[in-house]
Amino acid sequence: APRFVFSSGLTVKTISPILQKPMSVSMFGQWQQLLSGYVDVAYDSPQTLGSPEGTQVPFGGGLLGLGVQTNVQY
């Protein structure tokens, strides 16, 4: 399905307050937006009992992912 994806990040370098060594902190995020729509469901088999004919299954929505990581050089 068609989707829109945006991803970004930022890294800051500093000195570790505990080890007094070079350290970096990275923050990143990603946002995905799936375009809305419907998928037609076809039931060609008579063995699919209780399944309605001509139904549509909706899809779409968004997803947000965030993260942080650190790195200390020693």
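## Leu66 and its surroundings

Leu66 has its place in strand E3, and in this predicted model the residue counts as exposed, because its relative accessibility of 71% lies over the 50% cut-off. Leaving aside neighbours within four places in sequence, the contacts of Leu66 are with Phe28 and Gly29. Leu66 can also be placed relative to Ser7, from which it is separated by 59 residues in sequence and, C-alpha to C-alpha, by 9.9 Å in space.

Leu66 also contributes to a nonpolar surface patch of about 590 Å², which it makes together with Phe4, Phe6, Trp31 and Leu64. The elements that give two or more residues to this patch are E1 and E3. Phe6, one of the residues of the patch, is located in strand E1.

## Overall architecture

The protein contains 3 strands and 0 helices, and when it is read along the sequence the pattern is β-β-β. Of the 74 residues in the protein, 11% are buried. The exposed area of the protein is about 6200 Å², and 58% of this area is supplied by carbon and sulfur atoms.

Among the contacts in the protein with a separation of 6 or more, 56% are accounted for by residues that are 24 or more positions apart.

## Strand pairing

Strands E1 and E2 pair in the antiparallel sense, and their pairing extends over 13 bridges. Within this pairing, Phe4 stands opposite Gln33 in E2, while Ser7 has Gln30 in E2 as its bridge partner. The hairpin of E1 and E2 has 6 residues between the strands, and in this hairpin Gln20 takes a positive phi near 55°.

Strand E2 also pairs with strand E3, which covers residues 56-72, and this pairing is likewise antiparallel, over 16 bridges. Here Val39 stands opposite Val57 in E3.

## The aromatic pair

The count of aromatic pairs comes to 1. The pair consists of Phe4 and Trp31, whose ring centres are 5.6 Å apart and whose planes stand at 65°, so the arrangement is edge-to-face, given that planes over 60 degrees apart are classed in this way. Because Phe4 lies in strand E1 (residues 3-15) and Trp31 in strand E2 (residues 22-40), the pair ties together parts that are 27 residues apart in sequence.

Both rings belong to residues that also take part in the nonpolar surface patch. Phe4, with a relative accessibility of 44%, counts as partly exposed, because this value falls between the 20% and 50% cut-offs. Trp31 is likewise partly exposed, with a relative accessible area of 37%.

## Two buried polar residues

Gln32 has its place in strand E2, and this residue is buried, because its relative accessible area of 18% is under the 20% cut-off. Not counting residues up to four places away in sequence, Gln32 touches Arg3, Phe4, Val5, Gly61, Gly62 and Leu63. For one of these residues, Leu63, the C-alpha atom is separated from that of Gln32 by 5.1 Å, although the two residues are 31 residues apart along the chain. Phe4, which is also among the residues touched by Gln32, is the ring partner of Trp31 in the edge-to-face pair.

Ser16 lies outside the strands, in the loop between E1 and E2, and it counts as buried, because its relative accessibility of 5% is under the same 20% cut-off. When neighbours within four places in sequence are left aside, Ser16 is in contact with Lys21 and Met23.

Definitions and conventions:
Residues numbered from 1 in each chain as written. Predicted model: local features only at pLDDT ≥ 70, side-chain atom pairs only at ≥ 80, totals over all residues. Heavy atoms only, no water. Phe/Tyr/Trp six-rings, centres within 6.5 Å; stacked < 30°, edge-to-face > 60°. Helix = DSSP H or I, 4+ residues; strand = E, 2+ residues; numbered from the N terminus. Buried < 20%, exposed > 50% of the residue type's maximum accessible area, 1.4 Å probe, protein only. Pairing = 2+ DSSP bridges. Patch = residues over 30% accessible without salt bridge, like charges linked within 9 Å, V, L, I, M, F, W, Y side chains within 5 Å. Areas by Shrake-Rupley, 256 points an atom, 1.4 Å probe, with all protein chains shown as cover. Salt bridge = Lys/Arg side-chain N within 4 Å of Asp/Glu carboxyl O. Contact = heavy atoms within 4.5 Å.
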